[in-house]
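Open the structure in your viewer and keep the selection tool at hand. The tour goes from one selection to the next and says what is there.

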Amino acid sequence: MSLLDTLQQKPGALIACDDDPEAVFDLMCSRGWSDGLPVIPPTAERVERMLAYCDRDLDKPVLNIPPRFGAATPVRIAANAVMAGCKPEHFPLVLLALEALADEQYNLYGTQATTHPCTPMLIFNGPAAKEAGLNAGQNAMGNYFRANAVIGRAVRLALVNIGAAIPGTGDMATTGTPAKFTFCVAENEEQSPWDPLHVELGFPRESTAVTVIAAESPHNVNDHESLNAEGILTMVAGTMTITGSNNPYYAGQPLLAFGPEHAATVANDSMSKADVRQWLFEHATLPLSRFSKDTIERRFRRKLAAQYADAPLDAPVRMFAKPEDLVIIVTGGAGKHSQYVPTFGNTRAATRVLKRADGTLAKSLHDFKRN
Amino acid sequence: MGKIFLVVPDAPVEKAEQLNANRTLGESGIRLGILDNTKGNADHLLNMIIEGVKKEFKVDSVVMTRKAASSRPAPDAILDQLAREADLVVSAMAD
């Protein structure tokens, strides 16, 4: 039985539309099933082709997405992946990212519903990231590259459509962020002087992994002049120390994404990732006096009383609670720029490794292809 | 123009009826539960609501609880206490 036949027996699973791209887009927008950009029509035939790269039970939810707690079955996720423009071989990575978002420590409910402008940043490592065509080089956080654009977009569409993260009702973001259209990167493992993120976290180098963080838009670190690690990190610390971020208040895990040239300069001074974290933990601080009087009184003195009730105004406020909380990757191409990515704060990064339904590590996206 | 059938990309609200419960209030009055989500003015708003409820209904008891952080769910211990000690719960955020 085809997927179309199956879905025709489920009331509400299909909707009829004129066979016209503009009519489809109008319908999607009128139903609230869009991010505001045109979509590929999720016909049953296209959804079925997407599901050719899924080795799971097609009706068993991968997660329930808050705030509606809609059941995210592979069929529904695949419809969103089609809309986003995914190729079928992208689908295992979309599912993997959603699995990671289901990790309780990520706090999907809080990040979906908050007034804060956060969105899932997807960081892929490993061979299947390259196989999918994810760009880790020039313009790694920018536009142009299909895999980055559509995998991140598919996840966002699923969060909106299945989870009902509708602006003003389910998603209460005050301003939001353009990163809510898509924020999907891969680590530039070839040009990193350090172990890639998934290896650092204890996963096999040959595995493929995604790490999700509840990210703000990236903040640029432009440093064309510094010639050593201390210089680069001084500029990074200057970019990290901002009063408007959530990270000074919560034990969150902000991200530092070195451009390869900055990373090389830092590593050439024999600094490991752990050294970088320790240095920034000590130097990326603001004196308490840099915050407003009301913020000092109402937030630091009252809500964070254990640490700041009697703290002097020159007490250092750190941008992350422990050195190991700073997530570090290398991504991008040539040039003297890095990116600092603050987070929602009350969230932890979550990582998942790409496995087949039988629990074995996947070596290739084609491992998921149904016969 | 021909028609095509699209797979609906959203998900229905499931088992929503389970969120509703019939309340039978006893003669002794309401056992009112309060869950403060720690937002800046939530406590002020909730105190106003308590006073408002007391003017309209007979209130037997008020149990006050407070989450550790606004952006995390209330822990089971708080939810269990509210289930035990309250007939209805008011939660609020107010920045």
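The stops below cover the domains, the chain contact and a few single residues of what is a predicted model.

**Stop 1: the two domains of chain A**

Colour residues 1–215 and 347–359 of chain A as domain 1, and residues 217–284 and 319–342 as domain 2. The centres of these two domains, taken over C-alpha atoms, lie 27 Å apart. Where they meet, domain 1 of chain A puts in 30 residues and domain 2 of chain A puts in 32 residues.

How much area do the two domains bury between them? The figure is about 2,100 Å², with 59% of it on carbon and sulfur atoms. Now select A:Met141, A:Trp194 and A:Arg348, which together supply 31% of the area that domain 1 of chain A buries against domain 2 of chain A. No other three residues supply more.

**Stop 2: polar links between the domains**

Between domain 1 and domain 2 of chain A there are 3 salt bridges. For a salt bridge to look at, show the side chains of A:Arg277 and A:Glu200, which meet at 2.7 Å from N to O. Polar contacts across this interface number 14 residue pairs, counting pairs with both residues at pLDDT 80 or more.

Next, highlight β4 (119–125), β5 (184–186), α9 (197–200) and β6 (209–215) of chain A: each supplies at least two residues of the side of domain 1 that touches domain 2. Which of the elements gives the most to that side? It is β6(A), with 3 residues. Coloured by class, the side of domain 1 of chain A that touches domain 2 of chain A shows 18 nonpolar, 8 polar and 4 charged residues.

**Stop 3: chain A against chain B**

Show both chains and select the residues in contact: 39 from chain A and 21 from chain B. The area buried between chain A and chain B is about 2,600 Å², and carbon and sulfur atoms give 58% of that.

How many salt bridges are there between chain A and chain B? The count is 1. To find a salt bridge here, select B:Lys3 and A:Asp18, whose closest N and O atoms are 3.0 Å apart. Polar contacts between the chains come to 16 residue pairs, with both residues at pLDDT 80 or more.

On the side of chain A that touches chain B, the elements supplying at least two residues each include β1 (14–18), α2 (21–31) and α13 (293–303). By class, that side of chain A has 20 nonpolar, 10 polar and 9 charged residues.

Zoom in on β1(A) and on strand β1 (residues 3–7) of chain B. The two strands run antiparallel and are joined by 5 bridges. Within this pairing, A:Ile15 stands opposite B:Leu6.

**Stop 4: single residues in chain A**

The whole structure holds 17 salt bridges over all chains. In one, the side chains of A:Lys10 and A:Asp59 meet at 3.1 Å, N to O. A:Lys10 lies in the loop between α1 (3–8) and β1 of chain A, and A:Asp59 in the loop between α3 and β2 (63–65), so the pair ties together parts that are 49 residues apart in sequence.

Then select A:Pro66 and A:Pro67, joined by a cis peptide bond with omega about 5°. A:Pro67 is in the loop between β2 and β3 of chain A.

Finish at A:Asn139, in the loop between α7 (127–131) and α8 (146–161) of chain A. Is the phi of A:Asn139 positive or negative? Phi is positive, near 65°. Most residues other than glycine have a negative phi, and most peptide bonds are trans.

Technical notes
Residues are numbered from 1 along each chain as its sequence is written. Chains are lettered from A and ligands numbered from 1 in the order in which they are written. This is a predicted model: local features need pLDDT of at least 70, side-chain atom pairs count only at pLDDT 80 or more; totals for chains, interfaces and linings use all residues. Side-chain values use heavy atoms; hydrogens and water are left out. Domain bounds come from an automatic or database domain assignment. Contact means heavy atoms within 4.5 Å. Buried area is the accessible area (1.4 Å probe) that two parts lose on being put together, summed over both. A salt bridge is a side-chain nitrogen of Lys or Arg within 4 Å of a carboxyl oxygen of Asp or Glu. A polar contact is a pair of N or O atoms within 3.5 Å; within protein, one must be able to donate a hydrogen and the other to accept it, and residues adjacent in sequence count only if both atoms are side-chain atoms. Helices (H or I, at least four residues) and strands (E, at least two) are DSSP runs, numbered from the N terminus. Ala, Val, Leu, Ile, Met, Phe, Trp, Tyr, Cys and Pro count as nonpolar, Asp, Glu, Lys and Arg as charged, and the others, Gly among them, as polar. Two strands pair if DSSP finds at least two bridges between them.
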